[in-house]
Amino acid sequence: QPGPPLAWLALAAVQPRLRRRERHRRMGALLVLLARLLADAPRADAARPLPTQVRRAFFSNTSSPRPLRSGFDYPRYDARLHDGDEVQLETVHQSWLSVTLDPGIMLEGRHVVLKASSGKYCGTMPGDLEGKFVCNHLEPPLTAWLKFVQAKSLGGKRSSATALRVLHMGNWCTDWPSGWKCNSTRRTEWGHFWLVNAGNGKLAVLGSRSDRFCADKGPRGMVCGHRSLDNSTLFEAVTDTPLRFGVVHAQDRHRAATFVVHRKSLDSPEVALLCKDQGYFLAADGPRGEVSCSSREPWTFWSARVDWWDMTSTTLQSPLTRLYLEASSFSLDIKVKADNQEGSGWALWKVFLIGGFEQLRPMIRGVNLGNWFLLEKWMAPKLFHNSSSDMPFKDKCSAIDEHGLMQELGPTEGRRRMEEHWATWINEDDIIWLSRRGINAVRVPFGYWMTYPTPPFVFGQLKYLKLLFQWCERHSIAILLDFHGLKGSQTANPTSGNCGACGQSQCGTTNIRFLEEKRTNLMVIDTLTTEFSQSPAYLGFSVANEVASTADSKQVMAFYEEAYNIIRRKNKDALIVFFATFNPSSYPFPNFRNVAQDVHIYFGMGFGGAPSVDQQHNLVKAKQAVHGLNWPVLVGEWSLGGSGHPKLPPGPAEMEHFLLQFARMQIEAWETHCVGWFYWSYKTMYPNSTWNFRDMCVAGWLPGCSPGGLNYSTAEWWNASSCSYDYLKDGCSSSSKSQPAWLRSLLLVPLLLAAAGAAAAAVATLATARPSWALQCLDSVRAAATLVSQVSIIAAAAELKATWLLRLQGWQRMCDEVLADGTRIHVTQVSRV
């Protein structure tokens, strides 16, 4: 406020040497300033957190918010592979990538010496033609080294059977009843063994002849006759190279291994997968493409998502061999290898995302500044009148949209009319008003002519957009730029501002040519993000509003990807929004993050007909529309209206109750399952419309609009309890609802009057005792007591003004002002007042 600071006035008013008239003048100024501050001070939500404040947090199936919120629903299938993601990999066989300690897998192809529990090494004796295998060597002789070779399954055994071959002579070992003999030149039926993990770094060997465990029998050698494990059946595998954790695919879901994604940049296909429980990275460096958890440093794979509508699948390719990881059929091999050349079929992996880092921003609570930079005829019909007669154009094909209007007006009248409109439709007072009512963001629809106007459009909008950023920076409001009118039109209707005939066949051709004008549209995005992406008020960019479903889906996705790259280069934290047509959240973009899917929900307009009077029924429908998507959901447009008119039950009292509950129901759905919402729209040219946020707010039908009504819950939704957004039930408890204004006012008055009484008593005591030090400031103390009592009355009046005057003004407008069709609202609607 202009004038002397409050603290200066307070100190100056009690100075003992002032003349009485000057002291009273200063006290009067102080009183006026205090009353003004009490009456006009923003509500507590002025300190609301802004959605431009981004933080990063880890979510999983145990830490995800409840109820589940789109984009934060864990676990789920999602092949995004962001840095820090914890994933499991499912094969086309519906089996799972698993890390195994099976010795048959870990030792395959290795050179191994078996060390008995006695501490002696096992092997054949040099020169022994019989090849008897005994464990009596203090040091491993050359004839003790075996090569473990995978063998095919026999007798119904799994394919993990192993054959043992002595490296020195090349002979194969066989399980004879009298003991092992390693003198066969070929593998026989009894020459297959199964290695069993016995724990604590030990293994046991099961012979194929009798399905019994092999034991160290001293001079008799290795004999397979034990039905169970004991100390003599336990061996240690001594290898020439460190053991590796084998990687197989298993049908048991509980055996699925968890991998932590290491990825330096989303713009690169390079990823590394850390085997979480083993602490080693997945590597494909075996001689035949064997995959293991064996690398201490990140081992790079190239990831690539499939090129159709499947955001769950990916391939992993070895950069060294250019071969893809695959899981063969169980009948062939359970091991995972990098030996697929096609990158399809068995080389496809479904990624099961069980945890990951997400970008969090406070709940977006906003309004659309519709009809400012892109005119919509139904919102401001008078702007579409003929300049000569101030009447609508007679030709139905004239001035269908803003392009048609500017064509009819011509450049001179068009510029005059638009300059007047741009300068008056939204001003700083509107932003201040919004900031005091819990709104923390605005969505700003605009057309391509904001930066590259072609006739008949006129230049001049950009300076007002710059002003808006200045206002929003001053008053803590975030701005989402909404590309509402792409050149060539993306919607085929007048909301794009340049749709040609806009679906009216008698008027000519309807435009859906925005992809043909891709270069210009991308230039618009580049220009505006260059201008505003560093502003503290910049929230992000909505790329294309309400794209028509007749557009080419693949080309639309390609356009989205180019637009995304432009926006992201300018600001790494900007929120980038794509409309729900073609469900872009299900498309396998390679590098998207910090994105949201935009949905527009109007009951009665393509959303299951008119709303029910049963708000719980409406709530179920609303939640279903925004829940379960792969990306976070932003409700870019909603209102209390439907098909242009409110859907109301009969009777004024029922109407008020319905709209109040209808608003709470929708906001409950959006704030429970989405990252935010924008009401359409802030204002319309005609009053009392359910499309007019300001009028609905003044009437008290929206949260945060009347001090005695319901306030918004916390904006930090990730810390909120599950009942925080139950607006139909007033939140988690009745305490979430603020006290009525009249009660706060009545409580405030006696408190301040009690303070004034105490001050008066002190003055009376000082007047009786009359100490010399008090005589100098007695008048000031008496004036201060008077001031306190006056302030109490002013404060109570200010509170009542803030509560009831707005309410009365809202009802008075609904009584007095004229609707767009020229009819007046029924006086019975204000009978209660």
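A residue is called buried when its relative accessible area is under 20%, exposed when that area is over 50%, and partly exposed in between. With this scale in hand, the predicted model can be read through its salt bridges, one of its helices, one of its strands and one loop residue.

The structure holds 26 salt bridges. One of them brings together Asp526 and Lys570, whose side chains meet at 2.8 Å, N to O. This pair links distant parts of the chain, for Asp526 belongs to helix 7 (residues 518-532) and Lys570 to helix 8 (residues 553-570), 44 residues apart. Asp526 has a relative accessibility of 31% and therefore counts as partly exposed. Lys570, at 22%, is partly exposed too, so neither partner falls under the 20% limit for a buried residue.

A second salt bridge joins Asp430 to Arg694, with the closest N and O atoms 3.4 Å apart. Here again distant parts of the chain are linked: Asp430 sits in helix 5 (residues 428-435) and Arg694 in helix 11 (residues 693-698), with 264 residues separating them. The two ends of this bridge fall into separate classes of accessibility. Asp430 is buried because its relative accessibility is 9%, whereas Arg694 has a relative accessible area of 26% and so is partly exposed.

Helix 10 takes part in a further link of this kind. The side chains of Arg664 and Asp730 form a salt bridge of 2.8 Å, N to O. Arg664 lies in helix 10, while Asp730 is found in the loop between helix 11 and helix 12 (741-769), and the two are 66 residues apart. With a relative accessible area of 9%, Arg664 is buried. The helix around Arg664 is itself mostly covered, as 17 of its 22 residues are buried. Helix 10 covers residues 652-673 and reaches 32 Å from its first C-alpha to its last, close to the 32 Å expected at 1.5 Å a residue.

Salt bridges also occur in a network, which links Arg76, Asp78, Arg80, Asp85, Arg305 and Glu358.

Attention now turns to strand 3, which spans residues 86-90 and has five of its five residues buried. Both of its faces are covered: Glu86, Gln88 and Glu90 are buried on one side, and Val87 and Leu89 are buried on the other. Strand 3 has pairing partners in strand 26 and strand 18. With strand 26 (residues 349-360) it runs antiparallel, joined by five bridges, and Glu86 has Gly355 as its bridge partner there. The pairing with strand 18 (residues 259-262) is also antiparallel and extends over two bridges; in this case Val87 stands opposite Phe259.

The last site to consider is Asn583, located in the loop between strand 31 (575-579) and strand 32 (595-600). Asn583 counts as partly exposed because its relative accessibility is 27%. Once neighbours within four places in sequence are set aside, Asn583 is in contact with Trp309, Gln597 and Leu629. The side chain of Gln597 also makes a polar contact of 3.1 Å with that of Asn583. As for Ser553, it is 30 residues from Asn583 in sequence, and the C-alpha atoms of the two are 9.8 Å apart in space.

Notes
Residues numbered from 1 in each chain as written. Predicted model: local features only at pLDDT ≥ 70, side-chain atom pairs only at ≥ 80, totals over all residues. Heavy atoms only, no water. Helix = DSSP H or I, 4+ residues; strand = E, 2+ residues; numbered from the N terminus. Expected span 1.5 Å × (residues − 1). Buried < 20%, exposed > 50% of the residue type's maximum accessible area, 1.4 Å probe, protein only. Pairing = 2+ DSSP bridges. Salt bridge = Lys/Arg side-chain N within 4 Å of Asp/Glu carboxyl O. Contact = heavy atoms within 4.5 Å. Polar contact = N/O pair within 3.5 Å; in protein donor to acceptor, adjacent residues only side chain to side chain.
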